[in-house]
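Colleague: I've just opened this one and I'm not sure how to read it. Could you walk me through it?

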Number of protein chains: 2
Amino acid sequence: MRKTLLGDLRDSELFHGIRRDEARRILESLDAQLKNYRKGQTILSAGSRVRRIALVMEGSVTLFQTDFWNRQIIIDRRRSGQIFAEAFACDRHALSSFTVQADEATVILWFDIMDILKVDAADESRTALIRNIMNTLAMKNLALNEKLLHVSRRSTKEKLLSFLSDEARKAGSSEFDIPFSRQELADYIGVDRSAMSAELSRLAREGYFETNRSHFILKKM
Amino acid sequence: MRKTLLGDLRDSELFHGIRRDEARRILESLDAQLKNYRKGQTILSAGSRVRRIALVMEGSVTLFQTDFWNRQIIIDRRRSGQIFAEAFACDRHALSSFTVQADEATVILWFDIMDILKVDAADESRTALIRNIMNTLAMKNLALNEKLLHVSRRSTKEKLLSFLSDEARKAGSSEFDIPFSRQELADYIGVDRSAMSAELSRLAREGYFETNRSHFILKKM
DNA sequence: AAACCTCTGTTGTTTTTACAACATGTATGA
DNA sequence: TCATACATGTTGTAAAAACAACAGAGGTTT
């Protein structure tokens, strides 16, 4: 495996806190495999069985579904340092629910995560890797739960109040900056930007908060 | 620990495939603790640090949030055999984002999941438990992803088509039964029941599918 | 069979949202 | 400073959804 690529590993959430030589040793014992893909090439097909986690080393990929009526739905994009297919690899019975294609020339590192659980193989670095994977799954879980909580509110007003309330909780203060522009926020909670902008004005007028750009100050009422 | 309760453990997703005596041994080494709660008692408060996973042994609990403007939002309910707080326990930096209260007299088994990763403690049953936890996290992830995909579509029509397409994919056939009544489906995708019913009729008339109650036959067009 | 209940579909009305078009604000570099 | 580009706010209109009220279908109990 190329040294330059291994160096980059430490930047990924998965190998965080694991020494480079340790990472190399672990990956070798896990049947890790580097594969190159051309722009547009299919890396993983919907419906296929996935045993291994994919770590994007170089390039970027798009995850999408094709529905029953052949309409394409883009799910997400993953870049260098990020992983995909981890949920399918960690759940023995799951098949991939999406297709993955390379956006550009891309290098993927594949490795079998379940192998790492083998009883005879306990050591500190492996433990760290398992912890990192569990952390990753847990964090994704929390992020998905949080987003779902906002998105599944019925009205734009409820979505905004749910989101802002959560931001205040995370900031530990009624005054905070959100990590989104207006357009990004609208996409995140799944509504139209201009309608959302109007709703924000209305809520501010009603006294729920003051806002300027990404800065918010919530008001008890 | 009471034998009767330990017997029930095998029904939980977490201890699936682990022998009763093994489960007992593991739990003792993990500082497992049984606690009883009265109806209405708070089991876990939003904002607190959580080190241990909670497994509901008897009774049931409600997970909810109180937002900035003191409005209560019910997130979910967990019953005997199910776990909660697993994502907070698996992500060292996370604090609980919700409060948990007992719906009735409830028994909770608390245990430290990160302890199980200790290097000196590798054995088959522990490996199975780790695998089960990863499975649980992965399955939740997939379920959340799937629901989010449907809920975040903009219109009722898009939500329905997204949901039905996914059901067809999971069934491996264009003909299938959905696991929901109309009201449950409306709640799941986050829309009004009667409006959804009307939309279903419209889509059926437009030729997307035929449906009777929970039975659907999708049509290519 | 009759009475009852729950689920589902339909329709008219009200409310909310999306959409489009444009105005204003803000940051950036020539 | 001016020109420019992009983000944000505003408004009117069309479309969609929520809501409410009711009717019929299906199933269950007596």
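Colleague: Which element gives the most to the surface near DNA strand D?

Modeller: Keep in mind that this is a predicted model. Helix H7(A) leads there, supplying 5 residues to the surface near DNA strand D.

Colleague: Which residues come nearest to DNA strand D?

Modeller: There are 17 residues around that strand, and the nearest are A:Arg182, A:Arg193, A:Ser197, A:Ser201 and B:Thr156. As for what they meet, 63% of the strand D atoms within 4 Å of the protein belong to sugar or phosphate, and the rest to bases.

Colleague: Where do I look for individual polar contacts?

Modeller: Look at which part of the residue and which part of the DNA are paired. A polar side-chain atom of A:Ser197 sits 2.8 Å from a phosphate oxygen of DNA strand D. With B:Asp192, a backbone N or O atom lies 3.2 Å from a phosphate oxygen of DNA strand D. For a base, go to B:Ser194: a polar side-chain atom there is 3.2 Å from a base nitrogen of DNA strand D. Zooming out, helix H6 (182-189) and H7 of chain A, along with H7 of chain B, each give two or more residues to this surface.

Colleague: How many residues of each class make up the surface near DNA strand D?

Modeller: You'll find 3 nonpolar, 8 polar and 6 charged residues.

Colleague: OK, on to strand C. Which residues come nearest to DNA strand C?

Modeller: A:Thr156, B:Arg182, B:Arg193, B:Ser197 and B:Ser201, out of 16 residues around DNA strand C. Sugar and phosphate make up 66% of the strand C atoms that come within 4 Å of the protein.

Colleague: And which elements supply at least two residues of the surface near DNA strand C?

Modeller: Helix H7 (193-206) of chain A, plus helix H6 (182-189) and helix H7 (193-206) of chain B. H7(B) gives the most, with 4 residues. By class, that surface has 2 nonpolar, 8 polar and 6 charged residues.

Colleague: Which contacts should I click on for strand C?

Modeller: Try three. A backbone N or O atom of A:Asp192 is 3.2 Å from a phosphate oxygen of DNA strand C. A:Ser194 has a polar side-chain atom 3.2 Å from a base nitrogen of that strand. Then there's A:Arg213, where an N or O atom in the side chain is 3.3 Å from a sugar or linking oxygen of DNA strand C.

Colleague: Let's leave the DNA. How do I read the protein's interior?

Modeller: In soluble globular proteins, nonpolar side chains tend to be buried together. Here the largest nonpolar core has 93 residues, and A:Phe84, B:Phe84 and B:Phe111 touch the most other members.

Colleague: What is A:Phe84 in contact with, leaving aside its neighbours within four places in sequence?

Modeller: Its contacts include A:Ile43, A:Leu44, A:Val100, A:Ile108 and A:Trp110, and A:Arg78 is among them too.

Colleague: One last thing: what should I make of a positive phi?

Modeller: Most residues other than glycine have a negative phi. B:Asn70 isn't a glycine, yet has a positive phi of about 60°. You'll find B:Asn70 in the loop between strand E4 (60-66) and strand E5 (72-79) of chain B.

Colleague: Is B:Asn70 buried or exposed?

Modeller: Exposed, with a relative accessible area of 57%. B:Arg213 is another residue to check, with a positive phi near 50°. B:Arg213 is in the loop between strand E10 (209-212) and strand E11 (215-218) of chain B, and counts as exposed at 72% relative accessibility.

Methods:
Residues are numbered from 1 along each chain as its sequence is written. Chains are lettered from A and ligands numbered from 1 in the order in which they are written. This is a predicted model: local features need pLDDT of at least 70, side-chain atom pairs count only at pLDDT 80 or more; totals for chains, interfaces and linings use all residues. Side-chain values use heavy atoms; hydrogens and water are left out. A residue is near a molecule or strand if one of its heavy atoms lies within 4 Å of it. A polar contact is a pair of N or O atoms within 3.5 Å; within protein, one must be able to donate a hydrogen and the other to accept it, and residues adjacent in sequence count only if both atoms are side-chain atoms. Ala, Val, Leu, Ile, Met, Phe, Trp, Tyr, Cys and Pro count as nonpolar, Asp, Glu, Lys and Arg as charged, and the others, Gly among them, as polar. A nonpolar core is a set of buried Ala, Val, Leu, Ile, Met, Phe, Trp, Tyr and Cys residues joined through side-chain atoms within 4.5 Å. Buried means under 20% relative accessible area, exposed over 50%, partly exposed in between (1.4 Å probe, protein chains only). Contact means heavy atoms within 4.5 Å.
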